[in-house]
Amino acid sequence: MIGDGVESGFLSPYLLHDGISEERVALLFTVYGVTASVSAWFSGALSDLWGPRRVMMLGLGIWTALQVVFLGLALPAHHYTLLLISYGLRGFGYPLFAYGFLVWVTAVTPRHRLGSAVGWFWFAFTGGLPTLGSLVASFTVPWMGTYRTLWFALALVVAGGLVALLLVPEPTGRSRLAPAGERPVATLLGSLSIVWRNPRVGTGAVVRTVNTAAQFGFLVFLPVFFTDTLGFTLTEWLRLLSAMFATNIFFNLLFGLVGDRLGWQRTVAWFGGVGCAVTTLLLYYGTVASGDEFVPAMVLVSLFGATLAGYVPLSALMPSLAPEHKGQAMSALNLGAGASTFVGPAVVALFLGPLGVQGVMWIFAGLYLASAAMTLFLTLPDTPAEPRVPATAPARSGTKVQRRPSAEPPWTPGTS
């Protein structure tokens with residue numbers, strides 16, 4: 001994910017400097033976003049069908065091949081159509097690799113450790129893509145130049161891909177996850193139909209949409225709000241944005257651990273839904289009250305980044321809602337993630353004019369509270385309770401084990 005994120009801070013101005021118009025650059029990134037969203041949705045279904053490892057190999061191959069075309073042919077020739085095809089279709093690459101691996105993680109991790117496992121996944125994902133990738137570029141661009149930095153990013157992606165594919169011997173990810181005998185077409189269609197076949201999965205997808213809708217919406221209007229209204233410089237705003245994501249990285253890991261202890265459902269509802277509602281309003285009213293004071297603003301954006309990570313256990317909860325079709329459940333989760341990329345900006349486009357920044361902040365806070373309420377429906381299927389048998393008394397044959405509904409991962413003292 002570091003290799004994939006190297007370009008995030010400079011590719012747009014690099015293409016503009018190369019003579020490509022703003023409209024064409026915007027179209028290029030739009031196509032990339034669409035293909036990435038579609039790929040995120042298909043990653044779970046294809047993992048069900050082929051196995052996560054094969055899906056990861058496909059994602060790595062797509063990214064590598066199209067990056068070679070992008071750098072070796074399209075950029076030197078300044079051929080826009082080839083740029084659009086190679087870079088746009090490259091968007092299929094990283095979601096197949098990254099989310100294929102996430103499906104693998106959820107398929108093999110014991111339930112009582114699943115929150116921690118997905119916390120580590122998102123720690124690595126967000127640490128690489130928006131954060132360390134840009135940091136690497138800040139050193140390599142002055143040293144070797146922009147064009148060579150893009151080739152260096154390719155080397156990083158290949159190295160990371162080979163580490164995952166060659167050094168993870170776990171066997172489950174090498175075979176299909178769907179039940180034996182299920183037809184390929186049914187598997188692919190099931191990745192969409194599960195949203196209404198299993199209403200709890202559909203509800204989880206909506207919760208995932210709300211999770212990052214405000215994040216993408218904020219990127220539309222907060223830069224102007226912080227610079228023109230509050231009086232921060234552009235450099236200060238960029239540092240505040242970096243602080244938000246840096247905080248989010250570490251809390252992704254923390255809330256994965258908290259979810260395993262406190263319960264996935266409760267963590268998402270209180271730390272994610274209610275927490276984001278509170279910090280969204282604090283972000284607005286607190287910065288308005290403190291003006292262009294940098295330290296209070298740093299605290300407020302960091303609080304929002306922290307509570308945004310409260311939704312991390314949702315990646316553990318969703319596949320557990322459909323244990324027979326974990327890949328399909330993850331496809332629904334990824335579909336919600338893709339939907340948030342346009343739901344957030346759409347809210348801003350519709351309501352910023354008539355309601356202003358304050359009104360939009362209240363809308364996002366309301367959506368977060370609604371997502372907290374929706375988590376009440378995300379109860380796990382029944383799981384057998386382990387019988388407690390005294391050490392001195394052997395268990396009698398024929399003893400019936402009662403089943404109880406469980407909305408939280410099983411936990412016993414001494415586990416971590």
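A search of the whole structure, a predicted model, finds 24 aromatic pairs. One of them joins F121 and F125, with ring centres 5.9 Å apart and planes at 35°, so this pair is tilted. F218 and F364 also form an aromatic pair, and F218 is among the residues with the most contacts inside the largest nonpolar core.

**Aromatic pairs and cluster**
- F121 and F125 are four residues apart in helix α7, and about one helical turn separates them.
- F121 is buried at a relative accessible area of 9%, and F125 is likewise buried, with a relative accessibility of 9%.
- The F218 and F364 pair is edge-to-face, at 5.8 Å centre to centre and 90° between the planes.
- This pair links distant parts of the chain, with F218 in helix α10 (residues 199-229) and F364 in helix α15, 146 residues apart.
- Both F218 and F364 are buried.
- One aromatic cluster is formed by F225, F226, F232, W237, Y284 and Y285.

**Nonpolar core**
- The largest nonpolar core holds 94 residues, and F218, F221, L222, F226 and Y368 have the most contacts inside it.
- Helix α15 (residues 326-374) contributes the most to this core, giving 12 residues.
- Apart from neighbours within four places in sequence, F218 contacts P223, T280, L283, F304, M361 and F364.

**Helix α7 geometry**
- Helix α7 (residues 114-144) has a kink of about 50° at G128, shortly before the proline P130.
- G145, just after α7, has a positive phi of about 95°.

**Charge over a ring**
- R24 lies over the face of Y80, 4.5 Å from the ring centre.

Definitions and conventions:
Residues are numbered from 1 along each chain as its sequence is written. This is a predicted model: local features need pLDDT of at least 70, side-chain atom pairs count only at pLDDT 80 or more; totals for chains, interfaces and linings use all residues. Side-chain values use heavy atoms; hydrogens and water are left out. A nonpolar core is a set of buried Ala, Val, Leu, Ile, Met, Phe, Trp, Tyr and Cys residues joined through side-chain atoms within 4.5 Å. Buried means under 20% relative accessible area, exposed over 50%, partly exposed in between (1.4 Å probe, protein chains only). Helices (H or I, at least four residues) and strands (E, at least two) are DSSP runs, numbered from the N terminus. Contact means heavy atoms within 4.5 Å. The bend at a residue is the angle between axes fitted to the seven residues ending there and the seven starting there. Rings of Phe, Tyr and Trp (its six-membered ring) pair if their centres lie within 6.5 Å; planes under 30 degrees apart count as stacked, over 60 as edge-to-face and the rest as tilted. A charge sits over a ring if NZ of Lys or CZ of Arg is within 6 Å of the ring centre and within 35 degrees of the ring normal.
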